[in-house]
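Visitor: I would like a close look at a single part of this structure. Please take it slowly and stay with what can be read from the model.

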Amino acid sequence: GVSEQALRRFRFEAQVLGTLQHPGIAQIYEAGTFEDEYGERPYYAMEFIAGAKPLTEYARLNDLSLDDRLELFERVCDAVHHGHQKGIIHRDLKPGNILATYENGKPAIKVIDFGIAKALNPTFGAGDHVTQEGRLIGTPEYMSPEQAQMSAIDVDTRSDVYSLGVLLYELLA
């Protein structure tokens, strides 16, 4: 079976994705759990992103110009900003969690994996998703210093902005 903590995170992620309605964020259509011989197991059905590649790989494979890379990055920022306006901090922005593809003949991005997101709004059950002291959550290469400290100090939207800066560097370098 799946731990109760994992099920809580799953339910939280499904709730977050159901709330974030933005063309740059992958949409969730259904979420739930089912019982089998292993216990209660979660599932969700989400938007299929045809031909998607991690952001930096997509830029490299398609030999995108500087302007095209900046345009894609602007779309990422817009999607992350939408999350921030809804009170959601992603906390794990990295190329693998930002997929790029062609949509209607133009490059498009989809932010995915809100599994370790943090809610600033108590209606999301923010108390259940506060970083635990001494526990590293996220991908170290992309996390802000305050997130990497593994302290009980709350991480805010600036942590995602830091990760965006690392992404921009990788996208341009």
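Is Leu 70 buried or exposed, or does Leu 70 fall in between?

Guide: This is a predicted model, and what follows should be read that way. Leu 70 is partly exposed, because its relative accessible area is 36% and the class in between runs from 20% to 50%. The residue belongs to helix 3, which spans residues 66–85. On the surface, Leu 70 joins Leu 66 and Leu 172 in a nonpolar patch, and together the three have about 260 Å² of accessible area.

The aromatic side chains can be read in a similar way. There are three aromatic pairs by the ring-centre rule. In one of them, Phe 34 and Tyr 43 have ring centres 6.4 Å apart and planes at 45°, so this pair is tilted. Phe 34 is partly exposed at 35% relative accessibility, and Tyr 43 is partly exposed at 31%. Tyr 58 and Tyr 102 also form a tilted pair, with 5.7 Å between centres and 55° between planes. That pair links distant parts of the chain, since Tyr 58 sits in helix 2 (residues 55–61) and Tyr 102 in strand 5, 44 residues apart. Tyr 58 counts as buried at 2% relative accessibility, whereas Tyr 102 is partly exposed at 45%.

Strand 5 (residues 98–103) runs antiparallel to strand 6 (residues 106–111), and six bridges join them. Within this pairing, Ala 100 stands opposite Ile 109 of strand 6. The two strands make a hairpin with two residues between them, and Asn 104 in the turn has a positive phi of about 55°.

Note on methods. Residues are numbered from 1 along each chain as its sequence is written. This is a predicted model: local features need pLDDT of at least 70, side-chain atom pairs count only at pLDDT 80 or more; totals for chains, interfaces and linings use all residues. Side-chain values use heavy atoms; hydrogens and water are left out. Two strands pair if DSSP finds at least two bridges between them. Helices (H or I, at least four residues) and strands (E, at least two) are DSSP runs, numbered from the N terminus. Patches are made of residues with over 30% relative accessible area and no salt bridge: like charges are joined within 9 Å, nonpolar side chains (Val, Leu, Ile, Met, Phe, Trp, Tyr) within 5 Å. Accessible areas come from the Shrake-Rupley method with a 1.4 Å probe; for residues, only the protein chains shown count as cover. A salt bridge is a side-chain nitrogen of Lys or Arg within 4 Å of a carboxyl oxygen of Asp or Glu. Buried means under 20% relative accessible area, exposed over 50%, partly exposed in between (1.4 Å probe, protein chains only). Rings of Phe, Tyr and Trp (its six-membered ring) pair if their centres lie within 6.5 Å; planes under 30 degrees apart count as stacked, over 60 as edge-to-face and the rest as tilted.
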